[in-house]
Every structure is written in structure tokens, then in C-alpha cells.
Amino acid sequence: MTKKEGLRCVAFLLVVCLLLIGMTDIFEMDFADYARRFYSYRCLEKNTVDAVYIGTSGVGRYWLGAKAYDEYGMTVYPLSVDAMPVWLFPIMMDEALAYHNPQLMIFDARAFGQGHSAENADVGARRVLDSMEFFSANRINAAMKTMEMVHRLDDSKPAFDLSYIFSFMKFHTQWSEKDFSIDTQYDKQKHEFGGYHIGFLLSVLHEPQTPMEYDEDYYVPLDPISEEALYEVLNHAKELGVQTLFVDSPQFMSKTEMGRANTLRKILQEQGATYISYNTPNAAEELNVQMNPETDYYDEAHVNFYGAEKFTASLAAYLDQHYDLPDRRNEETVRKDWDGVYDHIKKTVKDYEAVHKEQGTLKTASGGE
């Protein structure tokens, strides 16, 4: 091969690489809510977030950060995606610190009570990867960790899968079914509800739940991967010098989930970490919250907007009492991002209620209005 031919080969490979990067940036999967949530976090004025809430749907559907800001001036932002694998939590801590300087990191405790499968890990991790900046060390670390864990869960999966870095390799077959264009790049659009998840039906649906009897003396071991991730989070928090708080948001657990929650509580107590649960018999009194199983949930594991209001009021009061989070309501750089968001959320929910009432479509699982 001549020198000229060699240069052409190098040039060709560079062009292919650039096209690959460009297509990955444009042709991502439709993870709009998550991508906007992460993008908004990156766009907030640097070092104006004092706490982050890392986790799964137990965060996105529960935490009304805009309400906590309106009432206390605290800036607590959710960095969450549904079914985020717990072994990505340490990398999410690094992601949080890449753009802000939060000294408190709140973790979705329910995530540590779940089991793991290669399929669920793949889906949850891809939601995270497609929400992060493409050219970032944290994204590469998350991709490599995902490859390792998916292969560990199912050794028939490749130990190295380039599609976790260049996602269009996984999703390209859907191009003909979706409108992929620069205008639909969700990681370039802000989250209009401050990271809180709103759904036309799920925000206002109420499905009555049967209260459970919580046995605080029943224990089930954590899944080994979850326990391993828990210690990684605790150790990484010490390395970073940040405070941690583990929150078990209200839900109606299976017996196994209850047993794992008790085991998690025991480990965290032994490690000197702070854990609060909204599911134990004394939760209502200790955390000053009265969740209504008839009206505050849309299924056994998630609250609707009305439940989120109660949960946020309680947790925000707890944070205000136990942590030194500043009141930023008089800071112009903060106000431009946070002011008016809570009012926008409430108006959106009221609009949804009005439409459902007019159409007669808001029904519970039992068929009632």
C-alpha cells in the first residue's frame, strides 16, 4: 500500500467514524422524558442544584421538585429513568457532580429491592445512555459498565457491544416508523415540568389499593447484584465527600419486596447511613404524611399527582428539617429556571382533569368515576 492509499484509508475511516457519531446523536431511541430531564439538569445555571434524587420511576412520578422549590427554596433535581439499574447509581453520582456541586444525594431505595435480568438491564441502561451527553467520560463509563453487567447476567450476550456507545446500531430498524430529525432530538429540549413525569391519564387516574400489613421483622436477602451496588454507592459517596439519604417511597409491596426493604434498612443502619421509609406502620406519624390508598395511586407501585403532592410535601419538610439546603428563591439565576414551573404543573393537571371529565374517560380500575 502506498502512502497516498494509506492516507485515503485513514481519511475514509475518519469520515465513517464522524458519520457514526452524527447518526448516533440524531437517531436515538424515543426516550423523550428522560433525555429532557438530563438535558435540563445540564442547562441549569452551574452549581445551583444543592441535592439530586437518583433512581427509577419511584423518583420521576413522586418528586415534585418545583413544589419543594416554591415552598422552601430548595433545589433538589431528579436524575432518574424508569428501571434504571442500581449498578449505574455510582456513575450517576459522577454525572451529577459534572455539572453542579450537590452535597446531598438522595437515592431511590426501592431500586435496591428489585431483581435483575439482562433484558431489563438493557432497556433501563439504554434510557440512561441516550439521555447523557455523547462526548462524556460518564457516558462511556456507563456503556462499559452496562456491557459488563448484561454479559454477567446472560453470558450469551457479547462482552463488548458497540451498540451501547453507538445506539443507532440497535435502533436503526425503527427509522422508517418514526420521524427522526434534528427537531426531534429530545436531548436538546428542556423538561417543562422540572423533571417531574406527567401523563395525560396516569397523573389523574386513581386506582384503589388494598392496604398491606407491614412486618418489620421479615427479611429476604437482597439480590447479590443489588447488594454489591449498594456498597459501591456507599463507598463512592465517602470518596466524593457527599451526604446520602435513602428513601423508600410509598407503594404496596409484595412479601419479597417487603423482606428486601427490611434487609436494606438493616444494612444501611449498620453502615451508619440514613434511611427513611414511607411503607412502615409508623411512617404516617414519623414523616407527617397521610397517603390515601383510595385516591393517591394509579397502581400498586406508583402515585398519581395527588399522591406526589403529599409525598413531596412530606419529604421536602424532612429535608428542610434535617439538611442545610439554602433558600434560593431570591437568586435571579435560579429563579429563571424554577419560578412558575409548579404553577405550570398544576395547570396542566387541571387541564387533564377537565378533559377527562368532559369525555367521561377518567375511571378507576373498578369502572367507577
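**Close-up views of the predicted model**

**View 1. Pairing of strands β3 and β4.** In this predicted model, strand β3 (residues 104–108) runs parallel to strand β4 (residues 243–248), and the two are paired over 5 bridges. Within this pairing, I106 has L245 of β4 as its bridge partner.

**View 2. The open sheet and its edges.** The sheet is open and holds 5 strands in the order β2-β1-β3-β4-β5, with parallel pairing. Its edge strands, β2 (76–80) and β5 (274–277), each pair on one side only. On average, neighbouring strands of this sheet are turned by 25° against each other, direction ignored.

**View 3. Helices that pack on the sheet.** Helix α5 (residues 89–99) packs on the sheet, where it touches β1 (51–55), β2 and β3, and its direction makes about 145° with that of β3. Helix α12 also packs on the sheet, touching β1, β2, β3, β4 and β5, and its direction makes about 155° with that of β4.

**View 4. The two sides of helix α14.** Helix α14 (residues 341–359) has 19 residues, which at 1.5 Å a residue should span 27 Å, and this agrees with its end C-alpha atoms, which are 27 Å apart. Buried in α14 are V341, Y342, I345, T348, V349, Y352 and H356; because these residues cover an arc of only 125° around the axis, they lie on the same side of α14. On the other side of α14, K347, K350, K357 and E358 are exposed.

**View 5. Surroundings of helix α14.** The buried residues of α14 pack against α4 (65–72), α12 (305–322) and α13 (332–338). The helix is followed by G360, whose phi is positive, near 70°.

Terms used. Residues are numbered from 1 along each chain as its sequence is written. This is a predicted model: local features need pLDDT of at least 70, side-chain atom pairs count only at pLDDT 80 or more; totals for chains, interfaces and linings use all residues. Side-chain values use heavy atoms; hydrogens and water are left out. Helices (H or I, at least four residues) and strands (E, at least two) are DSSP runs, numbered from the N terminus. The expected span of a helix is 1.5 Å times one less than its number of residues. Buried means under 20% relative accessible area, exposed over 50%, partly exposed in between (1.4 Å probe, protein chains only). The arc is that of the directions from the helix axis to the C-beta atoms. Contact means heavy atoms within 4.5 Å. Two strands pair if DSSP finds at least two bridges between them. Axes are lines fitted to C-alpha atoms, for helices over the stretch in contact, and angles run from 0 to 180 degrees between N-to-C directions.
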